[in-house]
Amino acid sequence: TPPTLVHTALTALVDRWRPETHSFHLPCGEMTVTLEDFAMITALSIKGHALIGRVDRKNWPDRVTALIGDCPPIKSNRTSGVALAWLLDH
């Protein structure tokens, strides 16, 4: 199951994100989220080849299918992207 989303923690991180350095500036210093951090938080594997490439809103389902072999059903309220719950199941 995906981790529980804590909205206050997410808001605090968004407020402290500095895009020019790709890091969070916290009261205790500077912190960067690594690929390993992301893998541990989301329980997604980071082994193997990277899934990369330019994706436009109109072709994202084709790109997802080409990269992982399947694509979630397209919902009218989502313009692009794959839900984490679907990704974890597949």
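What follows is a working chat about a predicted model of one protein.

Biologist: What are we looking at, and how many helices and strands does the protein have?
Modeller: This is a predicted model. The protein has four helices and three strands. From the N terminus on, the elements run α-β-β-β-α-α-α.

Biologist: How many residues does the protein have, and what share of them counts as buried?
Modeller: There are 90 residues, and 11% of them count as buried. The exposed area of the protein comes to about 7400 Å², with carbon and sulfur atoms supplying 59% of it.

Biologist: Contacts next. Of those between residues at least 6 apart in sequence, what share joins residues at least 24 apart?
Modeller: That share is 19%.

Biologist: On to the sheet. What order do the strands take?
Modeller: The order is 1-2-3, in an open sheet of three strands with antiparallel pairing. Strand 1 (17–18) and strand 3 are the edge strands, each pairing on one side only.

Biologist: What holds strands together in a sheet, in general?
Modeller: Backbone hydrogen bonds pair them, either parallel or antiparallel.

Biologist: How many bridges join strand 1 to strand 2?
Modeller: Two bridges join them, and the strands run antiparallel. Trp 17 stands opposite Phe 24 in strand 2.

Biologist: And between strand 2 and strand 3, how many bridges?
Modeller: Strand 2, residues 23–26, pairs with strand 3 over three bridges, again in the antiparallel sense. His 25 stands opposite Glu 30 in strand 3, and Leu 26 stands opposite Gly 29.

Biologist: What about the hairpins? How many residues lie between strand 1 and strand 2?
Modeller: Four residues lie between those strands, and in that hairpin His 22 takes a positive phi near 55°. The hairpin from strand 2 to strand 3 passes through two residues.

Biologist: Where is Met 31, and why does it count as partly exposed?
Modeller: Met 31 is in strand 3, which covers residues 29–31. Its relative accessibility is 35%. Partly exposed is the class between under 20%, which is buried, and over 50%, which is exposed, so Met 31 falls in it.

Biologist: Which residues form the nonpolar patch on the surface?
Modeller: Met 31 is one of them; the others are Leu 13, Val 33, Leu 35, Phe 38 and Ile 46. Together they have about 490 Å² of accessible area.

Biologist: Changing topic: helix 3. Which residues are buried there?
Modeller: Helix 3 covers residues 60–68, and Trp 60, Pro 61 and Val 64 are buried in it. Seen down the helix axis, the buried residues fall within an arc of 100°, so they line one face of helix 3.

Biologist: Which exposed residues does the face turned away from the buried side carry?
Modeller: That face of helix 3 carries Asp 62 and Ala 66, both exposed.

Biologist: What comes just after helix 3?
Modeller: Gly 69 does, and it takes a positive phi of about 90°.

Biologist: Back to Val 64. Why does it count as buried?
Modeller: Because its relative accessibility is 14%, and the cut-off for buried is under 20%.

Biologist: Which residues is Val 64 in contact with, leaving aside neighbours within four places in sequence?
Modeller: Val 64 is in contact with Gly 69, Asp 70, Cys 71, Pro 72 and Val 82. So Gly 69, the residue with positive phi just after helix 3, is one of the contacts of Val 64.

Biologist: And what separates the C-alpha atoms of Val 64 and Gly 81?
Modeller: They are separated by 8.8 Å, with the two residues 17 apart along the chain.

Conventions
Residues numbered from 1 in each chain as written. Predicted model: local features only at pLDDT ≥ 70, side-chain atom pairs only at ≥ 80, totals over all residues. Heavy atoms only, no water. Patch = residues over 30% accessible without salt bridge, like charges linked within 9 Å, V, L, I, M, F, W, Y side chains within 5 Å. Areas by Shrake-Rupley, 256 points an atom, 1.4 Å probe, with all protein chains shown as cover. Salt bridge = Lys/Arg side-chain N within 4 Å of Asp/Glu carboxyl O. Buried < 20%, exposed > 50% of the residue type's maximum accessible area, 1.4 Å probe, protein only. Pairing = 2+ DSSP bridges. Contact = heavy atoms within 4.5 Å. Arc of directions from axis to C-beta.
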